[in-house]
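Visitor: I am new to reading protein structures, and I would like to go through this one slowly, with a reason for each step. Could you show me the model before we begin?

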Protein chains: 2
Amino acid sequence: MDDGTTSQRVTIRTVAQDAGVSVSAVSKVLRNAYGVSDELRKKVDSSISRLGYRPSMAARSMRGRTQTVGILLVEMENPFLPVIVSGIMNELSQANYKSMLAVGRADMMIETSLIDSMLDFRMDGIILVAPRLKGALLSKYAKQIPTVVVGHHEPGSTDFDTVNGNDVEAMRQIVRRVHRDGRRRIEMVSIDRSSNDSDVSYQREVGYTAEMMALGLTEHIRINRLSEQHKREAIAPLVARPDQPEAYICWSDLHGIDLVSQGRAKGWRIPSEIAVVGFDDSPAAALPQIDLASYNHDGARQGAEGTRLLLSRIHGRTDARHVLVDGKLIERSSLTA
Amino acid sequence: MDDGTTSQRVTIRTVAQDAGVSVSAVSKVLRNAYGVSDELRKKVDSSISRLGYRPSMAARSMRGRTQTVGILLVEMENPFLPVIVSGIMNELSQANYKSMLAVGRADMMIETSLIDSMLDFRMDGIILVAPRLKGALLSKYAKQIPTVVVGHHEPGSTDFDTVNGNDVEAMRQIVRRVHRDGRRRIEMVSIDRSSNDSDVSYQREVGYTAEMMALGLTEHIRINRLSEQHKREAIAPLVARPDQPEAYICWSDLHGIDLVSQGRAKGWRIPSEIAVVGFDDSPAAALPQIDLASYNHDGARQGAEGTRLLLSRIHGRTDARHVLVDGKLIERSSLTA
DNA sequence: CATGATCTGTATAAGGTTCTACGTATAACG
DNA sequence: CGTTATACGTAGAACCTTATACAGATCATG
């Protein structure tokens, strides 16, 4: 306390001095490494809490692990993403890891710059949530740092792991459920693939088509693709059609919400004549005025699963894993009477 | 390239070697410090881009600035918060700063641990968005690191700056607008203050009361306080009242949404008999089925303003500033015919 | 031409941790 | 009692950058 070397900040050296041991001993306790007696640990621990010592991340990251993983979020507006993040953080805090979150703006340039930034900060690994970046670029990064990609189908990759909702199975399940009520003219509302090159939309169409065929409803397959831009107007012609099907299964709640509200205004009897099912189980779908049945993809679980993969990868695994997470259909009055 | 010292990572040393200058010279260029000729700079810059060198944040933060500020978000579910964050990030990127985002879970323990974490990472400053932490604790941190608090009234503080929506003025404006249509029995729906000790609810009540008095409507002042927990049921008695006022001004869209939907179901004529105004302009309020008038508090501007304050504080300012940001009332069919 | 001032670039000491290699004390064993 | 194995603790280099102090060159001035 009152010897010559007293400086401002309390460092590992201060602790060592206070506890009367070597710097390396303290470091060992900190990392609970091999070769430290209970007695030593006790001395050091009490010095640490007495002095309120906190290891400097900066110094730490120059040599060893930071115990911190970077999370890159494609954007913040989509309410599905926070759920994934909270799943990630839950799992991380259990493993005593910290996180550093960065938010892109659905822009590739920004995304790359943010990933670079995480490399600069020496994160132990990164979790990319629904990135816009394509496989080749992702692979480039994945070679430099343990990487897991959530919500972005790319099951062929050998450099990073992926976690996704099981879109195909989800769609099949929805189709089966709707069919169980005796409906046969079941159509899908999807988005124009050219506007969004991700695989996500495609997977859902595959599931729809596959199950329709499995149920012998091949002749009723019909996919209405809307441009992603002008949702509200784009859906009008669908509502105005004279020949309505018995059910619409939508690629997203956005479509579903517009459909039920415009449909109700037009006098549709929902669900008796026409059932509508959305996708994503967004907060708006749950509003009593909307009450749109929707598929919940268990974002928290996707996040948790991705985190577990990343941690095992940080601990040395090198082969790529690809996980599909099942969700469940939330029944509401747009589907169930 | 092929001399003995070639290791994996490209460091400042690699660059120096490649450019045929000293390490310190490179560092000077990097920081554009005094005493470097144009010629030298050119040599170094070209080596940097040829080698794809990126300075290590870890090493950098051990001595100088990180050029990174920490953002602490109270939680992620509230859709108002991402807007603030995007305002912050916009402003930061213009000033060539990076950000590190951490998300609490509306829990004080977690918040303190996250702030500690930002100190460990040697952020140049922190922006706390709607923190749960109280003034004394905030002051403690503010003494260690430049701090700005957004969305958390605490105008008395001398240790940190604050940015807030101008709640009093907002409420006065809403009351005036509603009164302009000839309505006099204007009530407020607020939350039980004991459940939320923040100042936010109080400010809005103040504004409501003040304007009602200014308009000579003192006798009609009535504040209905609901417990924060069971919103949907808590609002039922309000809807069931036999003596309805001519307008409800709500503390939050959550109340407003329930009010318009349950009210419409009950046969209220909105807005001719009863007007409803929410607060926050959440996405759900804008849904055509809801169409709830609401006050938009310009979160992006609050974020930007906070960022500017932080940067000036990082650059040496020490006196505390307290900024109020005005927003605007978004008129929708729950208010305007 | 000597002197001082200015301008460029360099050498080098922090800065706080981790981690390998090593030394010492203690225990176990014949 | 001597030898070996094991547990505990320590020295010190390495990590990459910044920043201070200084040396050398160039230029202006008396």
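Guide: Helices and strands are here DSSP runs, of at least four residues for a helix and at least two for a strand, and they are numbered from the N terminus. Please keep in mind that this is a predicted model.

Visitor: In which loop of chain A is the place of Asn96(A), and is this residue buried or exposed?
Guide: Asn96(A) sits between helix 5 (80-94) and strand 2 (98-103) of chain A, in the loop that joins them. Its phi is positive, about 65°, although Asn96(A) is not a glycine. Most residues other than glycine have a negative phi. Because a relative accessibility over 50% is called exposed, the 59% of Asn96(A) makes this residue exposed.

Visitor: What is the phi of Arg122(B), and how does its accessible area class it?
Guide: Arg122(B) lies in the loop between helix 6 (108-120) and strand 3 (125-129) of chain B, and its phi is positive, near 60°, in a residue other than glycine. Its relative accessible area is 27%, so Arg122(B) is classed as partly exposed.

Visitor: Which residues does the cis peptide bond of chain B join?
Guide: The place to look is the loop between helix 12 and strand 9 (275-279) of chain B, where Pro271(B) is found. Most peptide bonds are trans. Here, with omega about 5°, the cis bond joins Ile270(B) and Pro271(B).

Visitor: What span does helix 12 of chain B reach from its first C-alpha to its last?
Guide: Helix 12 of chain B covers residues 253-265, which is 13 residues. At its start, a side-chain oxygen of Ser252(B) comes to within 2.9 Å of the backbone nitrogen of Leu254(B), and the helix is followed by Gly267(B), with a positive phi near 100°. At 1.5 Å a residue the expected span is 18 Å, and the helix reaches close to this, at 18 Å.

Visitor: Is Ser334(B) buried or exposed, and which backbone oxygen does its side chain reach?
Guide: Ser334(B) is found in the segment after strand 12 (328-330) of chain B, and because its relative accessibility is 0%, it counts as buried. Away from its sequence neighbours, Ser334(B) has contacts that include Val260(B), Ile270(B) and Pro271(B). Its side chain reaches the backbone nitrogen of Ala293(B) at 2.8 Å and, at 2.6 Å, the backbone oxygen of Val276(B).

Visitor: What kind of axis relates chain A to chain B?
Guide: Two copies of a chain are related by a rotation about an axis and a shift along it. Chain A can be laid on chain B by a turn of 179° and a shift of 0.1 Å along the axis, with an RMSD of 0.4 Å. That relation is the one given by a two-fold axis.

Visitor: How many residues does the contact take from each chain, and how many salt bridges does the rule find across the interface?
Guide: The contact takes 39 residues from chain A and 39 residues from chain B, and 100% of the interface residues of chain A are also interface residues in chain B, so the copies meet through the same surface. The area buried between the chains is about 3,500 Å², with carbon and sulfur atoms giving 62% of it. One of the salt bridges is formed by the side chains of Asp116(A) and Arg54(B), at 3.8 Å from N to O. Across the interface, the number of salt bridges found by the rule is four.

Note on methods: Residues are numbered from 1 along each chain as its sequence is written. Chains are lettered from A and ligands numbered from 1 in the order in which they are written. This is a predicted model: local features need pLDDT of at least 70, side-chain atom pairs count only at pLDDT 80 or more; totals for chains, interfaces and linings use all residues. Side-chain values use heavy atoms; hydrogens and water are left out. Buried means under 20% relative accessible area, exposed over 50%, partly exposed in between (1.4 Å probe, protein chains only). A polar contact is a pair of N or O atoms within 3.5 Å; within protein, one must be able to donate a hydrogen and the other to accept it, and residues adjacent in sequence count only if both atoms are side-chain atoms. Contact means heavy atoms within 4.5 Å. Copies are superposed by least squares on the C-alpha atoms of residues with pLDDT of at least 70 in both. The expected span of a helix is 1.5 Å times one less than its number of residues. Buried area is the accessible area (1.4 Å probe) that two parts lose on being put together, summed over both. Lists of a residue's contacts leave out its neighbours within four places in sequence.
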